[in-house]
Amino acid sequence: MRLARFILPFALAAVPFVAHAEAVTYRIDPVHSQVVFNVDHNGFSRSFGRLRIANGTIVFDRDDWSKSSVDATIDLASVDMGDSDWDKAVRGSSLLDADRAATARYVSESVEKRNDDEGVVHGKLTLRGTTLPLDIPFRVNRIGKTIYGLHTVAGFSAQVILDRTTYGMTSNRNSIGTGVSVWLEIEGIRGGESADQSKETNHAAAQ
């Protein structure tokens, strides 16, 4: 009996401990998330613009990426080309048509893991009232607490090329390219945790 009491703790210690992660919901942080795009301007240069993510959620499971998902809404009226006239033109009916359809929405259908840090989101983008399949390759940058420990953040980067004509933006082909390169830099704050940006800013300013 004494021998059993002596051996048992060592036997239990030899059993590998496996911590199973689970799907966690993150709210997309519009302050630290960016949608940046560029398009050819008549062969002279590539014009850059930005769009704001109005709201969205990311569900991510570290152990089983197939349980992950994303649902994001983009504010088309927020387009910023660095010039008010250019902004107005891009928001207009021949391009984003933001007065008729003020937002675009991307909803995933599945998430595929390619390696430890990279994967592909398979989903659909609704833009200008047209919904089409869109696969977005992405990278998991980091998941952890912010430097001041205020909340848990999941960070992702992605890049994709859209053919604007498939969404009805067929005008200005002689001056504006049809292939639009899109970069996404996304931060999501874990659900239930405060996204108080002023506290983070004040901490940084105090250093």
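A residue is called buried when its relative accessible area is under 20%, exposed when it is over 50%, and partly exposed in between. By this scale D117, with a relative accessibility of 33%, counts as partly exposed. The model described here is predicted, and the values reported below were computed from it.

The protein contains 3 helices and 9 strands. Along the sequence these elements follow the order α-β-β-β-β-α-β-β-β-β-β-α. Of the 207 residues in the protein, 37% are buried. Among contacts with a separation of 6 or more, 56% are made by residues 24 or more positions apart. The exposed surface of the protein amounts to about 12,300 Å², of which carbon and sulfur atoms supply 54%.

Several strand pairings involve strand β3, which covers residues 45-60. Strand β1, formed by residues 24-28, pairs with β3 in the antiparallel sense over 4 bridges. Within this region, R27 stands opposite T57 of β3. Strand β2, residues 34-41, also runs antiparallel to β3, and 7 bridges join the two. Here H41 has S45 in β3 as its bridge partner. Strands β2 and β3 form a hairpin, with 3 residues between them. In the turn of this hairpin, N42 has a positive phi of about 55°. Strand β3 pairs with β4 as well, again in the antiparallel sense, over 8 bridges. One position in this pairing is R52, whose bridge partner in β4 is D75.

Attention then turned to charged side chains. Side chains of opposite charge can pair when their charged atoms come close. The structure holds 6 salt bridges, and three of these pairs are described in turn.

One salt bridge joins the side chains of R105 and D71, with an N to O distance of 2.6 Å. Because R105 belongs to strand β5 (residues 103-113) and D71 to strand β4 (residues 69-80), this pair ties together parts that are 34 residues apart in sequence. R105 has a relative accessibility of 42% and therefore counts as partly exposed. D71 is likewise partly exposed, at a relative accessible area of 24%.

A salt bridge is also formed by E109 and K124, whose closest N and O atoms are 3.8 Å apart. E109 lies in strand β5 and K124 in strand β6 (residues 118-127), so that the pair links distant parts of the chain, 15 residues apart. E109 reaches 56% relative accessibility and is thus classed as exposed, whereas K124, with a relative accessible area of 36%, is partly exposed.

A further salt bridge connects R139 with D117, and the closest N and O atoms of this pair are 4.0 Å apart. R139 is located in strand β7 (residues 130-145), while D117 is in the loop between β5 and β6; the pair therefore ties together parts that are 22 residues apart in sequence. R139 counts as partly exposed, at 38% relative accessibility, and D117, as noted at the outset, also counts as partly exposed. These two residues belong to a network of salt bridges in which D117, E118 and R139 are linked.

Notes:
Residues are numbered from 1 along each chain as its sequence is written. This is a predicted model: local features need pLDDT of at least 70, side-chain atom pairs count only at pLDDT 80 or more; totals for chains, interfaces and linings use all residues. Side-chain values use heavy atoms; hydrogens and water are left out. Buried means under 20% relative accessible area, exposed over 50%, partly exposed in between (1.4 Å probe, protein chains only). Contact means heavy atoms within 4.5 Å. Accessible areas come from the Shrake-Rupley method with a 1.4 Å probe; for residues, only the protein chains shown count as cover. Two strands pair if DSSP finds at least two bridges between them.
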